[in-house]
Amino acid sequence: METYLILRRAGWRTADELRAAAERSTVEGDRTPDDIRWIRSYVLSESNGGVGSVCIYQASSPEAIRDHANRAELPLDEIIAVADAVIVRPDPVPVDA
């Protein structure tokens with residue numbers, strides 16, 4: 001599997017809509033664990049007041065990502081293959097954790 005960054009701009013109006021989408025994504029991903037694996041997401045505050053996301057996935061192909069997005073009813077603006085990772089510091093712990 002390769003690593004991909006998925007950009008979903010202004011995909012949801014509210015955090016509750018995003019949570020529901022995350023649940024659908026998890027269910028669909030669990031159906032095809034050899035084709036796609038959700039690693040993490042960063043939630044974006046969009047200028048229109050909604051939320052978007054940048055998601056990190058491992059997948060067998062960009063087509064597997066598109067299929068997963070369709071089945072989970074997720075927006076999909078762009079898929080970018082990750083060539084390498086440079087980790088300077090670990091992700092910060094969320095304030096509400």
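Me: Contact here means heavy atoms within 4.5 Å. The model is predicted: local features need a pLDDT (the predictor's confidence in each residue, from 0 to 100) of at least 70, side-chain atom pairs count only at pLDDT 80 or more, and totals for chains, interfaces and linings use all residues. Residues are numbered from 1 along each chain as its sequence is written, and side-chain values use heavy atoms, leaving out hydrogens and water. To start, which residues does Glu46 touch, not counting those up to four places away in sequence?

Reply: Glu46 sits in the loop between strand E2 (36-45) and strand E3 (51-59); helices (H or I, at least four residues) and strands (E, at least two) are DSSP runs numbered from the N terminus. Glu46 counts as buried because its relative accessibility is 12%, where buried means under 20% relative accessible area, exposed over 50% and partly exposed in between (1.4 Å probe, protein chains only). Beyond four places in sequence, the residues Glu46 touches are Arg8, Arg9, Ala10, Val51 and Gly52.

Me: Which element has the highest mean pLDDT?

Reply: Over the chain, the average pLDDT is 91, and 99% of the residues score at least 70. Among the elements, H1 has the lowest mean, 91, while the highest, 97, belongs to E4.

Me: How many bridges join E2 to E3?

Reply: Two strands pair if DSSP finds at least two bridges between them. One of the bridge partners is Gly52 of E3, matched with Leu44. The hairpin has five residues between its strands, and Gly49 takes a positive phi near 90° there. E2 and E3 run antiparallel, and the number of bridges joining them is nine.

Me: Within what arc do the buried residues of H2 fall, seen down its axis?

Reply: In helix H2 (residues 62-72), the buried residues are Ala64, Ile65, His68, Ala69 and Ala72. They line one face of the helix because, seen down the axis, they fall within an arc (of the directions from the helix axis to the C-beta atoms) of 135°.

Me: What is carried by the face of H2 turned away from its buried side?

Reply: The buried residues of H2 have a cover that includes strand E1 (2-12), helix H1 (15-31), E2, E3 and strand E4 (78-81). The face turned away carries the exposed residues Glu63 and Asn70.

Me: Which element supplies the largest share of the largest nonpolar core?

Reply: A nonpolar core is a set of buried Ala, Val, Leu, Ile, Met, Phe, Trp, Tyr and Cys residues joined through side-chain atoms within 4.5 Å. The largest one has 14 residues, and Ile6, Trp12, Tyr57, Ile65 and Leu74 have the most contacts inside it. At least two residues of this core come from each of E1, H1, E3 and H2. The largest share is four residues, from E3.

Me: How far is the backbone nitrogen of Ala64 from a polar atom of the side chain of Ser61?

Reply: Ser61 lies in the loop between E3 and H2 and is buried, with a relative accessible area of 18%. Its C-alpha atom is 9.2 Å from that of Thr3, 58 residues away along the chain. The distance between the Ser61 side-chain polar atom and the backbone nitrogen of Ala64 is 3.1 Å.

Me: Is Glu73 buried or exposed?

Reply: Most residues other than glycine have a negative phi. Glu73, in the loop between H2 and E4, has a positive phi near 55°. With a relative accessible area of 61%, Glu73 is exposed.

Notes: A polar contact is a pair of N or O atoms within 3.5 Å; within protein, one must be able to donate a hydrogen and the other to accept it, and residues adjacent in sequence count only if both atoms are side-chain atoms.
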